[in-house]
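Colleague: I'm new to this, so could you walk me through how you back up your statements?
Modeller: Sure, have a look first and then ask away.

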2 protein chains.
Amino acid sequence: MSTATLPAQTLHFVPAQSMGLRQYQSGKPVQVLKTHCSACHLRELCVPCGMADDEVEQLDHMMFNRRKVRAGQTLYREGDHFQYIYALRSGTFKSSLTMADGREQVSSLNLAGEVMGLDGVANGTHASTAEALEDSEVCAIPYAHLTELAAANSGMQHVVTRLMGREIVREHGLMMLLGSMNAEQRLAAFLLNLSQRLKARGYSATEFHLRMTRADMGSLLGMKLETVSRTFSVFQKKGLLEVDKRHIRIVDLDGLKREFEARMH
Amino acid sequence: MSTATLPAQTLHFVPAQSMGLRQYQSGKPVQVLKTHCSACHLRELCVPCGMADDEVEQLDHMMFNRRKVRAGQTLYREGDHFQYIYALRSGTFKSSLTMADGREQVSSLNLAGEVMGLDGVANGTHASTAEALEDSEVCAIPYAHLTELAAANSGMQHVVTRLMGREIVREHGLMMLLGSMNAEQRLAAFLLNLSQRLKARGYSATEFHLRMTRADMGSLLGMKLETVSRTFSVFQKKGLLEVDKRHIRIVDLDGLKREFEARMH
DNA sequence: CGTCTTTTTGAATACTGTCAATTTAAGTGG
DNA sequence: CCACTTAAATTGACAGTATTCAAAAAGACG
């Protein structure tokens, strides 16, 4: 996992008008924001990660539409027709699945620079629902357009497969967590993972705001919300964390790592 | 998931010699078996699934080498350089990951017609180890060759992404299992899934031989081997199964389904 | 035939879940 | 601005489930 620190976030807006594009909606012109990957502050983390400059330039020609999603709104829902994959520009999402009995199972927490929606490739319909945990903004990448581009440029081929590969490896990690760790190890692993990802995005690695409820974290980590709450309290008593609702400060990062590594007998 | 029943297995061998190919190893000619997807009994399940006839023909030109793997041997190991993906022709494999503390975490059970090794796409090295649970045979598909073919034929592009998509969806399912089911539901889900997959391969859906140990099943399902054993006994007492070590007969399939669907309060 | 692995089962323990009560925070509307 | 309602989080007590440890039985294999 990359631990490179990014420069402070400087959002790069490209008004459609400035590119000779203009869209109309109910009679009045709507300024559609388009995105250039090469100028994006997230280019080292997002889709262009690992790509050559001339390849990123090809992505630029696609000029992805940007879409704002308010907190609580969904970007796509389970069963929706799969058309786009989404690169998260800013904000936070949770992805979840509905189980046979109707309960919701959270499957991931998505941060800026991460790509969502790839689980739709398999069947042409989204297998999960993506809900914004705060006001967020995404780049909508037409999947058909991307594969078209890949047909012309063999170097572009690996973009999607590499992204999907990342997803598979990420899920491997979660499976290990769910299959073999106790409550304290699970929460420690979650916090350390989040800390690292926030650090890679230029945020503090030791102080952050959780955007999920205890119930959502519990669902993601395979435990009940009360157990999540209790485990936070335990970590606070051990002097590893300072917890105030969703505000977390990691006091003893190494101690938290030891907690994570601790064998369960 | 497909529930189509395949015709009885009629293995199709294509000696290299008959195609003008011959490989030498330590001085003596070695007959390398090559495979034609179009004539394979697994074509409805394996890589060619969903492909047009002319596309399958292209796969035929690749003439994948076949490789035999004896029970207990590994096809690839965690960290190995990623070069091939493998289509399982016959036999059974388990895939596993090594955790930080050295313990093994089983991540999947692979049956004939399934594709292994895709987790290597992400980083160029295999993220898991694949071990044969019985004498098995695989088609070794050079990944570079496959992407080359995809560059020339846009219809071939989706082959890998669809396979990876399947893998992501499969892992979603396992995450739901690990995150929200109790021991009885987990084992029921495992047995029902296995039953369905065996049926799709032309085997009995209700009577089969488990190729994994209790410990391996426990690792895959996130429980200890003793719990696996106890849960088998419980199902037997309930009249759902007849269990004799690794020989399983499902007596009451619907009852097992109810067991799986049962809400945990 | 003996050794090693696998499986089963019992008993005690540890952990997590369940239920319930309380507190705090966040809206909502008078 | 305050009372009211709702959602989120914390904590205690208890129940239930899975794990651990231990022992024995059954195969597998050389």
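Modeller: Keep in mind that this is a predicted model. By class, 7 nonpolar, 6 polar and 7 charged residues make up the surface near DNA strand C.

Colleague: What makes a residue count as near DNA strand C, and how many residues surround the strand?

Modeller: Its C-beta atom, placed from the backbone, has to lie within 6 Å. By that test, 20 residues surround DNA strand C, with Asn182(A), Ala183(A), Thr227(A), Thr213(B) and Ser229(B) the closest. Two or more residues each come from α6 of chain A, and from α5 and α6 of chain B. The most come from α6(B), with 6 residues.

Colleague: How do you know which residues of chains A and B belong to the contact?

Modeller: The cut-off for C-beta atoms here is 7 Å. On that basis chain B gives 38 residues and chain A gives 38 residues. On the side of chain B that touches chain A, α3(B) gives the most, with 18 residues.

Colleague: Why are β6 and β9 of chain B said to stand at the edges?

Modeller: The open sheet runs β6-β11-β8-β9 in chain B, with antiparallel pairing. Both β6 and β9 of chain B have a single partner strand, so one side of each is left without a neighbour in the sheet.

Colleague: And how do you know that β6(B) pairs with β11 of chain B?

Modeller: Pairing needs at least two bridges, and 2 bridges join these antiparallel strands, β6(B) and β11 of chain B. So by that definition they pair. Look at Tyr76(B), whose bridge partner in β11(B) is Ala130(B).

Notes:
Residues numbered from 1 in each chain as written. Chains lettered and ligands numbered in written order. Predicted model: local features only at pLDDT ≥ 70, side-chain atom pairs only at ≥ 80, totals over all residues. Helix = DSSP H or I, 4+ residues; strand = E, 2+ residues; numbered from the N terminus. Nonpolar A, V, L, I, M, F, W, Y, C, P; charged D, E, K, R; others polar. Contact = placed C-beta atoms within 7 Å.
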